[in-house]
Amino acid sequence: MIFRMNKMTAKKSYFSPSVCILAWTMTLIARADAFQSSIGTLPRHSPINVHRSTQTSMNRGRDVSLGYTGCNDRLNSCLLMGSVEGDFDANILNKNVEEAQAGSVKALLRAFYKFCRPHTIRGTILASFAGTIRALIDTPGAIANPQWAVRLPKALIGMVALLMGNAFIVGINQIYDVEIDKMNKPFLPVASGELSKKLAWTAVLACGTIGPAIVYNFFPFLLFKLYMAGWTLGAIYSVPPFRTKKNPILAGLTIATVRGFLLNFGVYYAVKDAIGSSFSWSPKVAFIARFMTVFATVIAVTKDLPDTEGDKANQIETFATQIGVDRIAKGASLCLVANYIGAIATGIFAKAGSFNLVPMIGGHLALAGALIFHYLKLESESLGSIKTYYKHIWDLFYLEYVLYTLI
């Protein structure tokens, strides 16, 4: 963050606050991962017993669960998702289901946390922090005269609204995808029975009502319209008769629009409005909106890689089911490499002073190298390897927001 005091301190003040804030945010995310992992680690050869309606019976060495054999291997492979899907112990998950159904507040809060899909929460929080830092850096005097007593509460209110919108979208998806999730993601709270459909609907309706109300009452009407555009796209992604997720192109466009453009533009615009500065398309904001829209499109495609079995069983057409896991992973990796090359080229050919070239060129070169490294380790026939590959794509997505504050 540049304080414009003098040339000797400008560089130091640019890096230090933004790095510290992002480091603090990543620490919170790591602690959330630790909390999620505290649910347990699945023993490699333990029997699976998710809940009463989907129990595994070990009968003469045959593993039967969720209506098909071989579920033990599938659930064991879920461990490799790490920060994306969460580790779990089947026996502890059973206990959590029983506690939640018995009305334990702690168990219900834990179920709601999982219901919100923590890996999407991290993306939303990082986008909010990075967009806020970027807007403050781009506005002369905003950091020197922060007026935190006024702006911090509004920023927190905005964060709550974003998280509620996130919970609404991922929650309504779990309600309508419960049968698919019993095959693809049996550890999710609605699929496992940890959260009843009644409570899930209560949470979704509450988040889907309170979130828009917050934005309508505390932010400009343009942001309310953008918020409701994302709200609507997120809803019709899962809700019949629209259910745009059944069309891979519409599904990709939906996720790319909401998580790529609307989120990044909306946060930046909201912060500029809060500090009394008019919005303008700076090179950095234009870059991140474009870059993350492409990245979100890739996520929209690769998220289906581990789910081909359940999607085929429920007649959900995805690029992964139509074209194949290996080709989609290769195509997605090439798209991301092209995206990184575009970022590097933007840094090289942009007008002098538009970007800080070290993170813009060097940072994206390093992330492109990490992507290629993880792709080369991918074994398309191994579900565990596919999940690990998908996890690393989300890790790169998170890291891009760190670069955003530095470019």
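Leaving aside its neighbours within four places in sequence, which residues is Asn-173 in contact with? That was my opening question for this predicted model.

**Entry 1: Asn-173**

I found Asn-173 in helix H6, which spans residues 148–176. Once its neighbours within four places in sequence are set aside, the contacts of Asn-173 are Tyr-237, Ser-238 and Lys-245. I then asked myself whether Asn-173 is buried or exposed. The relative accessible area of Asn-173 is 14%, so I noted the residue as buried, the cut-off being under 20%.

**Entry 2: the chain as a whole**

Next I stepped back for a wider look. I counted 17 helices and three strands in the secondary structure of the chain. The chain has 407 residues, and 54% of them count as buried. Its accessible surface comes to about 18,500 Å². Carbon and sulfur atoms hold 65% of that surface. I also looked up how far apart in sequence the contacting residues are. Taking contacts between residues at least 6 apart in sequence, I noted that 75% join residues at least 24 apart.

**Entry 3: the loop between H10 and H11**

Where does Pro-241 lie? I placed Pro-241 in the loop between helix H10 (221–238) and H11. The peptide bond that leads from Pro-240 to Pro-241 is cis, and its omega is near 0 degrees. Arg-243 also has its place in the loop between H10 and H11. Arg-243 is not a glycine, yet its phi is positive, at about 45 degrees. I looked up the accessibility of Arg-243 as well: at 13% relative accessibility, this arginine counts as buried.

**Entry 4: Arg-117 and its loop**

I turned to another positive phi, that of Arg-117. The value for Arg-117 is about 55 degrees, although this residue is not a glycine. Arg-117 sits in the loop between helix H4 (105–115) and helix H5 (118–138). Is Arg-117 buried or exposed? I have Arg-117 down as buried, because its relative accessible area is 10%.

**Entry 5: the cysteines**

How many disulfides does the count come to? I got zero disulfides. Cys-116 shows how this works out: the nearest cysteine sulfur belongs to Cys-207 and is 6.2 Å away, so Cys-116 is in no disulfide, given that a pair has to be within 2.5 Å. I checked the accessibility of Cys-116 too, and at 8% relative accessibility it counts as buried. Cys-335 went down in my notes as partly exposed, because its relative accessibility is 42%.

**Entry 6: a cavity by H11 and H12**

I looked for enclosed space and found two cavities of 30 Å³ or more. The second largest cavity holds about 40 Å³ of space. Which residues line the second largest cavity? My list for this lining reads Pro-248, Ala-251, Gly-252, Ala-300, Val-301, Asp-304, Thr-318 and Phe-319. Helix H11 (248–274) and helix H12 (283–302) are the elements that give two or more residues to this lining. H11 gives the most, with three residues. Sorting the lining of the second largest cavity by class, I noted five nonpolar, two polar and one charged residues.

**Entry 7: Leu-262**

I stayed with helix H11 for a moment, since Leu-262 lies there. At a relative accessible area of 12%, Leu-262 is buried. Which residues is Leu-262 in contact with, leaving aside its neighbours within four places in sequence? I wrote down Leu-226, Ala-229, Gly-230 and Thr-257. I also looked up the spacing between Leu-262 and Thr-293. Along the sequence these two are 31 residues apart, while in space they are 9.2 Å apart, C-alpha to C-alpha.

**Entry 8: Ala-368**

My last stop was Ala-368, in helix H16 (residues 357–376). I counted Ala-368 as buried, because its relative accessibility is 11%. How far apart are the C-alpha atoms of Ala-368 and Leu-336? I noted a separation of 7.8 Å for this pair, whose members are 32 residues apart along the chain.

Note on methods: Residues are numbered from 1 along each chain as its sequence is written. This is a predicted model: local features need pLDDT of at least 70, side-chain atom pairs count only at pLDDT 80 or more; totals for chains, interfaces and linings use all residues. Side-chain values use heavy atoms; hydrogens and water are left out. Buried means under 20% relative accessible area, exposed over 50%, partly exposed in between (1.4 Å probe, protein chains only). On a 1 Å grid over the protein atoms alone, a cavity is a set of points where a 1.4 Å probe fits but cannot get out, and a pocket is an open set with protein on both sides within 12 Å along at least five of seven lines; lining residues have an atom within 4 Å of a point. Grid points are joined across faces, edges and corners, and a volume is the space filled by probe spheres set on the points. Helices (H or I, at least four residues) and strands (E, at least two) are DSSP runs, numbered from the N terminus. Ala, Val, Leu, Ile, Met, Phe, Trp, Tyr, Cys and Pro count as nonpolar, Asp, Glu, Lys and Arg as charged, and the others, Gly among them, as polar. Contact means heavy atoms within 4.5 Å. Accessible areas come from the Shrake-Rupley method with a 1.4 Å probe; for residues, only the protein chains shown count as cover.
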